[in-house]
Amino acid sequence: MVSRIIPVETFDLVIFGGTGDLARRKILPGLFKRFCDGQMPVGSRIIAAARSDLDLSGFQDFVVQAVEDALGTPDADQISGFVDTLDYVTIDALGEEGWADLAAKLPAFDKVRAFYFSVGPSLFEALAERLHKHGLVDTETRIVVEKPFGRDQESAKALNATLRRHFDESQIYRIDHYLGKETVQNLMAVRFGNMLFEPLWNSQYIDHIQISVAEDVGVGGRGAYYDKSGAMRDMVQNHLMQLLCLTAMEPPSFFEPDAVRDEKLKVIRALTPVEPHHIVRGQYTDSSDEVTYREDVGDPRSRTESYIALKCHVSNWRWAGTPFYLRTGKRLKARDSEINVVFKQTPHSIFGPEAGEHHNELRIQLQPDEGINLRVTIKEPGPGGMRLMDVPLDMSFAEALGEDADTPDAYERLIMDVIRGNQTLFMRDDEVEAAWAWTDPIIQGWEARHDVPKPYESFSNGPTDADLLIERDGRNWREIGR
């Protein structure tokens, strides 16, 4: 099966920070794939703007290498055609160097124009001011901003105010790459496109929900940044929050940007404060020749968490009494991101105690292999009475759509949505601020208590306290990487 390519309008995309790590690993290879699939109309351009003192030829060589590193050796004709769409300008975000050159490359508003701020938030205001000063934006211009969207509610409000001084909210695209994953969007299709699930999607039938994002790598070269953020700020406040919202939200009236985001906002505002005994924080320790978290960040007394598990509740009629268990961590036993919807047991078993206890479970796998798995109960084959077992009804995208199915990367999809002007998969300002309003008291609480993260061995399931968190309720985490 080949995915259907929906054309976009001709565009100019300017990438500030166009020689940075994100551009090299994700943005430029993703745009190359969109070019190869015929989704970049003739006349579209990609203009990188960065501090690096490169000429156009040097930047083109940089892009070719980035594509090779990410995707392997490209087809010669395709990479040659893609390189022809590129341009480059050396620019000073805080000064005037390069801005006249950029303006000369964008003489008319004759196509969609978007600016990707692939830089730190401290440069957002300077870039916004200079874009207006040099007449590079109009009311249809779009900007894309990367996380972090502040480090608390106060800074998030300040950042949003900065952006709103220069752009209307309809022009601002706050990107969270998790929302661009195929399976995340399929979560909405499964819920709202199938009569099978939505009538059961509530506390009457669902026992609990687990949302896990596990990584098998440490903080690596991000130690300085990560130690100031931690798992709560780096992952829970944005990525896991978005997965929670899509899992718990009410059906929107229409599949339109503000209708979807309105329902997500209601979920965030319905989250109850998290009790201290429903929080587990951890730091990875050594395993064989691996360094510890504190060695990775260069602080032997660091109290920043590389792992966190939370038990949360959404206080509305749909979810009353149904807990949501969230966990994420570095240096765990496998790279594994998934949502597990665990249904209640049947109210009465006709098969007797020897048949065992069984329940249905919907597993939505986000990475490394995207797919959906529904566990159902059947009779165990063979004579000797009625013995039950759970088996999967499995749908991996590779199998269902064909081994050659080329599922677009999240950045590919999201950048094309920017060009289309579709904000459905991007966060709104009030959504970001509400998420911080829930997150801040949790962080302030453990700081006031002087909590120290629990140690856990590298490449394990995380701290044992996290197992106790869910086992106290008579439940168990799904094993990471299983």
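How many bridges join strand 1 to strand 4, and do the two run parallel or antiparallel? In this predicted model, strand 1 is joined to strand 4 (residues 112-117) by 6 bridges, and the two strands run parallel. One pairing is easy to find on screen: phenylalanine 16 stands opposite phenylalanine 117 of strand 4. Strand 1 also pairs with strand 2 (residues 45-50), again in a parallel arrangement, through 5 bridges. Here valine 14 stands opposite isoleucine 47 in strand 2. The route from strand 1 to strand 2 includes helix 1 (residues 21-36), and these three elements form a right-handed β-α-β unit.

The surroundings of strand 1 (residues 11-16) can be read from its accessibility. Of its 6 residues, 6 are buried, so the strand is largely enclosed by the rest of the structure. In a regular strand, side chains alternate between the two faces of the sheet. In strand 1, Phe11, Leu13 and Ile15 point one way, while Asp12, Val14 and Phe16 point the other way; all of them are buried.

Attention now turns to the nonpolar interior. In soluble globular proteins, nonpolar side chains tend to be buried together. The largest nonpolar core in this model has 107 residues, and Leu31, Phe82, Tyr116, Met232, Leu310, Leu362 and Trp438 are those with the most contacts inside it. Helix 8 supplies the largest share of this core, with 12 residues. Another core, of 29 residues, lies apart from it and includes Val14, Ala128, Met427 and Val432. Beyond its neighbours within four places in sequence, methionine 232 is in contact with Gln237, Glu305, Ile308, Leu310, Trp438, Thr439, Ile442, Ile443 and Trp446.

Helix 8 (residues 223-248) also holds histidine 239. An unreviewed UniProt entry carries the annotation "active site" at His239. Is this histidine 239 buried or exposed? Its relative accessible area is 3%, under the 20% cut-off, so histidine 239 counts as buried. With neighbours within four places in sequence set aside, histidine 239 is in contact with Lys147, Asp176, His177, Tyr178 and Asp234. Its side chain also makes a polar contact, at 3.5 Å, with the side chain of asparagine 238.

A loop residue offers another buried site. Threonine 85 sits in the loop between helix 3 (76-83) and strand 3 (86-90). Its relative accessibility is 12%, and threonine 85 therefore counts as buried. The threonine 85 side chain reaches the backbone oxygen of phenylalanine 82 at 2.6 Å. Phe82 is also among the residues with the most contacts inside the largest nonpolar core. Leaving out neighbours within four places in sequence, the contacts of threonine 85 are Phe35, Met40, Ser44, Arg45 and Ile46.

Glutamate 68, in helix 2 (residues 56-71), completes the survey. At 30% relative accessibility, glutamate 68 counts as partly exposed. Glutamate 68 touches Thr73 and Pro74, not counting residues up to four places away in sequence. Between the C-alpha atoms of glutamate 68 and aspartate 84, which are 16 residues apart along the chain, the separation is 17 Å.

Definitions and conventions:
Residues numbered from 1 in each chain as written. Predicted model: local features only at pLDDT ≥ 70, side-chain atom pairs only at ≥ 80, totals over all residues. Heavy atoms only, no water. UniProt positions renumbered as here; feature names shortened; annotations may be inferred. Helix = DSSP H or I, 4+ residues; strand = E, 2+ residues; numbered from the N terminus. Buried < 20%, exposed > 50% of the residue type's maximum accessible area, 1.4 Å probe, protein only. Contact = heavy atoms within 4.5 Å. Polar contact = N/O pair within 3.5 Å; in protein donor to acceptor, adjacent residues only side chain to side chain. Pairing = 2+ DSSP bridges. Right-handed = clockwise from strand over helix to strand, strands pointing away. Core = buried A, V, L, I, M, F, W, Y, C linked by side-chain atoms within 4.5 Å.
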